Amino acid sequence: MHHGTAQLADPARRARARLLMMTPTAQGLMVTGGSEARIVTRHGDVLYCDCPDGVQLCKHLLAVGLHLA
Ligand SMILES: [Zn+2]
């Protein structure tokens, strides 16, 4: 995938990601505010989301990335 940086730079997408809420849980960061709550987990330096559709950089990962930045 080579479009991750372009997606990150999309202001509308970033704005939507900033509306999401993050709550720490035993499983990982629970991201809510979208259609469904998702769990984002960290493995070393890599973040994973449990989105079922295999999106490379979903809004949940974007939200957590912006939150940690
Ligand atoms: Zn996701």
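User: Which residues does UniProt list for "domain: SWIM-type"?

Analyst: The unreviewed UniProt entry lists residues 35-69 under that name; UniProt positions follow the numbering used here, feature names are shortened, and annotations may be inferred rather than shown by experiment. Residues are numbered from 1 along each chain as its sequence is written. The model is a predicted one, in which local features need pLDDT of at least 70 and side-chain atom pairs count only at pLDDT 80 or more, while totals for chains, interfaces and linings use all residues. In this model the end C-alpha atoms of residues 35-69 lie 24 Å apart, and the span is 29% helix and 29% strand.

User: How many helices and strands does the protein have, and in what order do the elements run from the N terminus on?

Analyst: There are three helices and four strands, arranged along the chain as α-α-β-β-β-β-α. Helices here are DSSP runs of H or I with at least four residues, strands are DSSP runs of E with at least two, and both are numbered from the N terminus.

User: What makes strand 1 and strand 4 stand at the edges of the sheet?

Analyst: The four strands form an open sheet in the order 1-2-3-4 with antiparallel pairing, where two strands pair if DSSP finds at least two bridges between them. Strand 1 (21-24) and strand 4 (46-49) each have a single partner strand, so one side of each is left without a neighbour in the sheet. From one strand to the next, the twist averages 30 degrees.

User: How do you know that strand 2 and strand 3 pair, and over how many bridges?

Analyst: Strand 2 (residues 29-32) and strand 3 (residues 38-43) are joined in the antiparallel sense over three bridges, and the pairing rule asks for at least two, so the pair qualifies. Within this pairing, Met 30 stands opposite Ile 39, and Leu 29 stands opposite Val 40. The two strands form a hairpin with five residues between them, and Gly 33 in the turn has a positive phi of about 115 degrees.

User: How many bridges join strand 3 to strand 4?

Analyst: Four bridges join these antiparallel strands, and Thr 41 has Tyr 48 of strand 4 as its bridge partner. This hairpin has two residues between its strands, with Gly 44 in the turn at a positive phi of about 65 degrees.

User: Why is helix 2 called roughly perpendicular or roughly parallel to helix 3?

Analyst: The axes of helix 2 (residues 11-18) and helix 3 come within 8 Å and cross at roughly 80 degrees. Angles under 35 degrees count as roughly parallel, over 145 as roughly antiparallel, 65 to 115 as roughly perpendicular and the rest as oblique, so helix 2 is roughly perpendicular to helix 3. Axes are lines fitted to C-alpha atoms, for helices over the stretch in contact, and angles run from 0 to 180 degrees between N-to-C directions. The contact involves Arg 13, Arg 14, Arg 16, Ala 17 and Arg 18 of helix 2 together with Lys 59, Leu 62, Ala 63 and Leu 66 of helix 3, where contact means that the C-beta atoms, placed from the backbone, lie within 7 Å.

User: Why is Met 22 called buried, exposed or partly exposed?

Analyst: Met 22, in strand 1, has 17 other C-beta atoms within 10 Å and is therefore partly exposed: a residue is buried with 20 or more such atoms within 10 Å, exposed with 12 or fewer, and partly exposed in between, the C-beta atoms being placed from the backbone. Leaving aside neighbours within four places in sequence, Met 22 contacts Leu 29, Val 31, Ala 63, Val 64 and His 67.

User: What makes Leu 19 count as buried or exposed?

Analyst: Leu 19, in the loop between helix 2 and strand 1, has 10 C-beta neighbours inside 10 Å and therefore counts as exposed. Its C-alpha atom is separated by 6.9 Å from that of Gly 33, 14 residues apart along the chain. Of the 69 residues of the protein, 17% count as buried.

Terms used
Two residues are in contact if their C-beta atoms, placed from the backbone, lie within 7 Å.
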